[in-house]
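Student: Please take me through one part of this structure slowly. I would like to look at the aromatic rings, and then at the empty space.

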Amino acid sequence: SHNRDGGTLRHVYELAAHLQDQANFLLLTPAPNKRVRLRMGAPKEGFDLEFSIPDELDALVDTLRSLGVRLVHYQHLLGHDPLILQLAYRLQVPHVFTAHDFYSFCKHISLTGDKNKYVPEPQLGTCACCKPHEAGPVLGSSMEQWRDNNGMLLTAARQVITPSQDTTRRMAAFAPSANVLTVPHTDAPSAEALAALQVPALAEGGNLRIVVLGALSVIKGADVLEAVALEAAKKGIKIEFHLLGFGYRNLATQPKAALTVHGAYEEKELPQLLEWINPHLVWFPAQWPETYSYTLSACLLAGLPVAVPDVGAFAERVAGRAWSWVRPWDEAPAQWLQWFAQIRDQHFVTGVGPT
């Protein structure tokens with residue numbers, strides 16, 4: 001996997017815990033100075049080894065073989081030397097691949113290009129923001145070579161796993177001969193676990209409380225949130241925004257913008273924080289086709305109304321659910337504000353949900 005925090009690392013740890021009675025997991029991540037780090041696939045457990053690549057690739061393979069590795073699971077290739085793609089072959093074991101994003105064919109990872117905004121592709125399985133002959137993620141390679149190598153890796157995989165149907169369609173279009181399967185992450189709420197919808201009452205003169213969750217980058221919608229909150233304060237609209245988390249930069253807040261930033265939180269704290277704010281709506285202003293969304297899972301488990309973009313995994317995950325809206329991902333701030341004001345008056349003040 002890569003060596004960053006976020007959903008991919010969370011999934012690795014959750015998968016190791018989910019299958020702890022059936023398998024032992026080792027985690028291989030990039031390390032500084034062209035090295036890789038090998039440790040147990042659970043935090044604070046076991047050994048910690050480093051190998052220089054390519055000089056100690058043979059030693060790495062010998063170590064994995066001596067540890068009895070029977071399967072290589074590629075979670076993410078960001079930061080890895082291309083030689084790591086040979087691990088399964090060198091060990092003579094099968095491999096599987098999980099697509100957490102679109103790094104296989106887009107060096108921007110998220111199909112967003114240089115402007116950090118989704119660039120709709122001419123057809124699924126392609127990327128409109130990276131040209132075939134421009135430099136790829138690996139030094140000395142082109143995007144065409146990068147895609148060819150990844151296409152071969154996926155085609156040779158026993159399975160290519162994705163967490164949503166939207167991602168399956170995109171990955172299957174990129175590697176048509178690959179065995180692509182949709183398997184939701186282990187946190188996916190079952191029908192039995194879903195909470196009954198909780199829609200707080202809203203008085204005629206009260207503010208509609210809208211929460212946005214997580215560490216907000218540009219592609220997660222930080223700039224969009226700020227622009228809508230600024231417009232709401234300017235026009236005196238009865239709406240207040242709460243960012244449970246933080247932005248990639250300091251966002252404008254009260255009184256200039258109708259926004260309160262609450263800062264980072266631990267995952268286990270989220271249910272209590274949501275209960276404390278008691279939002280009328282949770283908004284996902286994502287600017288790219290997200291492949292899953294752990295924070296959406298938390299909202300479904302809490303039984304909260306949601307507004308999601310019409311790209312990525314969101315729409316399929318709320319299909320048929322009450323008090324859930326799917327909106328165009330690229331609406332302008334003024335359009336978002338107008339729509340929020342509309343549903344405030346039509347649904348939250350009246351208590352009558354959408355059809």
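Tutor: What follows goes through the ring pairs, then two charges over rings, then a cavity and a pocket, and last a single residue. Keep in mind that this is a predicted model.

Start with the rings. The count comes to 18 aromatic pairs. One of them is formed by Trp283 and Phe340, with 5.0 Å from centre to centre and 75° between the planes, which makes the pair edge-to-face. The cut-off for that label is an angle over 60 degrees. Trp283 belongs to strand 11 (residues 281–283) and Phe340 to helix 10 (residues 333–348), so this pair links distant parts of the chain, 57 residues apart. Both Trp283 and Phe340 are buried.

A second pair joins Trp325 and Phe348. Their ring centres are 5.8 Å apart and their planes meet at 40°, so this pair is tilted. Trp325 sits in strand 13 (residues 324–327) and Phe348 in helix 10, so the pair ties together parts that lie 23 residues apart in sequence. Trp325 has a relative accessible area of 10% and is buried. Phe348, at 2% relative accessibility, also counts as buried; the limit for that word is under 20%.

These two pairs can be placed in a wider group. Ring pairs link Phe241, Trp283, Trp323, Trp325, Trp336, Trp339, Phe340 and Phe348 into a cluster. When you view the model, find Trp283 and Phe340 and then follow the cluster to Trp325 and Phe348.

Rings also have charged residues over them. Arg10 lies over the face of Tyr294, 3.9 Å from the ring centre. Arg317 lies over the face of Tyr292, and here the distance to the ring centre is 4.1 Å.

Now the empty space. Rolling a probe the size of a water molecule over the atoms shows where such space is left. The count comes to one cavity of 30 Å³ or more. The largest cavity has a volume of about 70 Å³. Its lining includes Gln75, His76, Leu77, Phe97, Trp146 and Asn150. Strand 5 and helix 4 (143–156) each supply at least two residues of this lining. Sorted by class, the lining of the largest cavity has five nonpolar, six polar and one charged residues.

The second largest pocket holds about 920 Å³ of space. It is lined by 38 residues, and Phe25, Leu26, Leu71, Val72 and His73 lie nearest its centre. Several elements give two or more residues to this lining, among them helix 1 (7–18), strand 1 (26–31), strand 2 (35–40) and strand 4 (72–74). By class, the lining of the second largest pocket has 23 nonpolar, 13 polar and two charged residues.

Finish with one residue of strand 1, namely Ala31. At 14% relative accessibility, Ala31 counts as buried. Leaving aside neighbours within four places in sequence, Ala31 is in contact with Val36, Arg37 and Glu50. Ala31 and Asn3 are 28 residues apart in sequence, and their C-alpha atoms are 7.6 Å apart in space.

Methods:
Residues are numbered from 1 along each chain as its sequence is written. This is a predicted model: local features need pLDDT of at least 70, side-chain atom pairs count only at pLDDT 80 or more; totals for chains, interfaces and linings use all residues. Side-chain values use heavy atoms; hydrogens and water are left out. On a 1 Å grid over the protein atoms alone, a cavity is a set of points where a 1.4 Å probe fits but cannot get out, and a pocket is an open set with protein on both sides within 12 Å along at least five of seven lines; lining residues have an atom within 4 Å of a point. Grid points are joined across faces, edges and corners, and a volume is the space filled by probe spheres set on the points. Helices (H or I, at least four residues) and strands (E, at least two) are DSSP runs, numbered from the N terminus. Ala, Val, Leu, Ile, Met, Phe, Trp, Tyr, Cys and Pro count as nonpolar, Asp, Glu, Lys and Arg as charged, and the others, Gly among them, as polar. Rings of Phe, Tyr and Trp (its six-membered ring) pair if their centres lie within 6.5 Å; planes under 30 degrees apart count as stacked, over 60 as edge-to-face and the rest as tilted. Buried means under 20% relative accessible area, exposed over 50%, partly exposed in between (1.4 Å probe, protein chains only). A charge sits over a ring if NZ of Lys or CZ of Arg is within 6 Å of the ring centre and within 35 degrees of the ring normal. Contact means heavy atoms within 4.5 Å.
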